[in-house]
Amino acid sequence: MFGRKRPVSDFNAEIEAHLQLEIERLKEQGLSEQEARAAARRAFGNVMHAEERFYESGRWLWWDHLRQDVHFGLRMLAKSPGFAAVAILTLALAIGANTAIFSVVDAVLLRPLPFIDPARLVWATEHFAFGPSTVISADFPAWKDRNHVFEQIAAFGGTSGANLTGAGEPSRVTVTRVTTGLFSMLGLQPAAGRAFLPAEGKQGQDKVALLSETLWRNRFGSDPRTIGETIRLDGAGYIVVGVMTANVRPQADVWTPLALDADIFSAHSPRWMMLAAIGRLKPGIEISKAQSDLQVLTQEMNKEYPPEAAQFRAHETVEVIPLHEMMVHNVRSLLLILLGTVGFVLLIACANVANLLLSRSVVRGRELAVRAALGAGRLRLVRQLLTEALLLATIGGLLGSITGLWATKILRQLIPATLPADVHFDPRVFGFSAAIIALALLIFGLIPALIASRTDVNETLKEGGLRLGASAGTHRLRGLMSVGEIGLSLILLVGAGLMVRSFLRLTEVDLGFDPNSLLLATVERPLTAAFDSQQHSAFFQSSLERIRSLPGVKEAALTQRYPLGPPHNATMILRVQGAENFRPSQPISVTAISPDYFHVMRIRLLKGRAFGDRDVEGAQKVVIVNESFSRMVFGGRDAIGQHIGFGEPSPTWKEVLGVVADAREDALEKEPGPEMFVPYLQQPSFSMTFMLRTESSPLMLAGGVREAVLSIDKNQPLSDTTTMEEVIAKSVAPRRFRMLLLGLFALLALSLAMIGVYGVIAYSSTQRTHEFGVRIALGADRQDILKLVVRQGFKLALLGVSMGVAGALLVTRFLSSLLYEVSPHDPLTFAGVAALLMLVPLAASYIPARRAMKLDPIVALRYE
Amino acid sequence: MSTREEKERLALLQGTLDLLILRTLVFGPQHGQGIARAIQQTSEDTLLVEHGALYPALQRLEAQGWIAARWGTSANNRKARFYTLTQTGRKQLVKESTRWRRLSTAIGRILGPEAKEG
């Protein structure tokens, strides 16, 4: 029924049959074979014509033309491999970069959380005048039982470490304590066994544990019999009830239940736990309503706390935000900046390819005119050019998707660990970039086609085709595009430059200690009643002595925490003898150390003396403070010999022995804050880090340290061994990654812009060959010709740079959160980048200028 | 066939060929050459049908579903593609013929009584 599906051969057979029948009829009338054939053909009319009309009525022609176009397009591309390579590479890089970044944005910002009904999940926290925002454990029961806004609310404690003993070597695992309803509220199912029962949120029944799939596999060989077994965490037994899948948040190796009737949930407890809370709002409840409801509850709670708590509970506020927002807010601005950056790169790439296509349309003017003269319809010509543009887009897009695939893997580290999301190469995103590029190609592939089809074929052929499409308008368009490219890449380069400057600033920071040849080995003792604090001290002291005697160790010391390491203990409660009204304005960190810590770290002692062998348990309590502390607490007075107390409402007085120089403790970016150091023998800690100043490469001693520790306690694993240099590198790694990423995109933009500018200048100087010839013939110096060419590049550069600087001044402020001690309008960076970009057009005009200078006037004058 | 003869034949009006084909097929299945012959004979050689023009028309009618085609064997044992009128084709023929009759009557009225020959 569908004539179009009828094959050509069938149609031809029918015509052949017709002719035969006619011939036979005519022969019957007495005509000879030859006469009959001729008559039949005449009566039929034009056989070819009928066939052609059949052909054109079908799909065949369309397909055929496409095949021809593609074939011809490929041949054209192969004929100018330079053009093809540049265009395809440009597209591939831009599509790849966009695809990769957009994939991360999609995974982190756009996709909903992989929990049940994630839109109603919120994060609730309390803010205090100092310290991290958290939910104080004693407030949580009120939130849970007396709120009017949540269908369910759950909490979990910060992740801590524990020594897992039993099967095999003792190992250090992370443990997170969660309220029993957390996983079911999120909709997370165990991979094996069961989740916690509500009854297990009570003391006495809470000695149960869930394992992570990773731990279950690595340590227990995924043996289903593990469920029901008892594992020992810091010596205490827990029955394994289930295994959780890998996408569980909060992440940990082991989860144990929080018993809501435990001491820490009472307002009168001597210590509270810092919790994080996640709730599921009742349907239709606004976030603001939830926030005010919790705020009221927390204020009611104030009455139940003892009076000493009033100080820290003053100015307490509650904040409720969507869970998703809380999980991504650290990376949101960075991702948006990166998205903007690759967007710029995409724009530049589009401008570049359009530029290239425009230049080509000029060169191909003659060819198109010839084809038009031979009878190619306008539509056919336009289609030919579009096919070529789409060919570029397709090849570029394919390569781009490969680049994207590869880049997405690198960018995976932009995803915050708290977010249970993974980037995978997203075809939607790829389609988005490809569509943009294809659109640009269509628009700019079309312009030359339209110009060509508008032109009078006769004129063009007479003129030799060179001037086709070289209208002033086209040329101005190309100039503008190069200006735009220069402007955009200037913005990106300024951004990257600011990041580089920040990074350099950071590496020049005075650490306050010497990070070279320093090995760090952290040991965390089990937190159980079986080990009292004196035993901890004894263990650390004998380990330290054994480690000191290891060959290759120059000096060794102990500290509760090391610079740029995990967060530390801090207190807001400080009493100063003789200044009873003194209240600290910020938390003060407290670190227990062994006497020679400052010496090993090369932290300078400014005044007084360091700890000695006499400063032990039972002797006068002593403390050493840093410079910031001395300035904050004592101002101009001498700190040495003063007495201070901290940590408890009625503290024991400690004598200030010495003042040490400030060192960077929290982060390289962060100015040192007030610090106090105490001898670990007077204030024992269960977790200490051995600091070893070594003779050669520090990590070579890691094995020796492990053995020394095991020789004192065969159940004691090392939590972590690393070097100070590694710690520093890790602390700046995100910044470094951001810098490299932005720098890479900026360089990409720069090289694209350079290609674009080169194209414009090279083209226009080819156009002016004739003019140059005349000038040279009339006695113009080669230098003058050089000036002519370079001046053009210079004009483009000046325009582009001034536009770029204006643009950069507007947008760099979005970077300020990522900068360190560099103003977003840093004049040095701006000037440097502007100067660099002024050079780009000069460099780009070098080859055309050389060519113009070497012109032979005779040849040039003949040239058309 | 002289040239003069050919000039006196009427060129077909646009659209009339379709009608003629449908009309010819009322008498039963026929192949292209047969249709061409039949038109020429029935019109007593007044109408000029360029056989080549027939096929695009057949093609069109087939696409519209008014005729159907199948390969078969002709009276003198040749393979040929036979066309038959479909149900819709029959309806279309009635519609078209009525239209055509009305049109020719109208034109006849405008042109007035036939001028005497000679």
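Which residue just after helix 4 of chain B takes a positive phi? That residue is Gly65(B), with a phi of about 85°. Welcome to this predicted model, in which chain A and chain B share an interface with an area of about 2,100 Å² buried between them. Helix 4 of chain B is a good place to begin, as it supplies eight residues of the side that touches chain A, the largest share.

**Chain A**
- Chain A contains 26 helices and 24 strands.
- Half of the chain, 50% of its 864 residues, counts as buried.
- For contacts between residues at least 6 apart in sequence, 81% join residues at least 24 apart.
- Its accessible surface is about 39,500 Å², and carbon and sulfur atoms account for 60% of that.

**Helix 4 of chain B**
- This helix runs over residues 51-64 and spans 21 Å from first to last C-alpha, close to the expected 20 Å.
- Of its 14 residues, 10 are buried, among them His51(B), Leu54(B), Tyr55(B) and Gln59(B).

**Where the chains meet**
- Chain B brings 23 residues to the contact and chain A brings 20.
- Gln33(B), Tyr55(B) and Gln59(B) lose the most area to chain A on the chain B side, together 28% of what that side buries.
- Carbon and sulfur atoms give 53% of the area buried between the two chains.
- Four salt bridges cross the interface; one of them pairs Glu24(A) with Arg78(B), whose closest N and O atoms are 2.3 Å apart.
- Helix 3, helix 4 and strand 5 of chain B each supply at least two residues of the side that touches chain A.

Notes. Residues are numbered from 1 along each chain as its sequence is written. Chains are lettered from A and ligands numbered from 1 in the order in which they are written. This is a predicted model: local features need pLDDT of at least 70, side-chain atom pairs count only at pLDDT 80 or more; totals for chains, interfaces and linings use all residues. Side-chain values use heavy atoms; hydrogens and water are left out. Helices (H or I, at least four residues) and strands (E, at least two) are DSSP runs, numbered from the N terminus. Buried means under 20% relative accessible area, exposed over 50%, partly exposed in between (1.4 Å probe, protein chains only). Contact means heavy atoms within 4.5 Å. Accessible areas come from the Shrake-Rupley method with a 1.4 Å probe; for residues, only the protein chains shown count as cover. The expected span of a helix is 1.5 Å times one less than its number of residues. Buried area is the accessible area (1.4 Å probe) that two parts lose on being put together, summed over both. A salt bridge is a side-chain nitrogen of Lys or Arg within 4 Å of a carboxyl oxygen of Asp or Glu.
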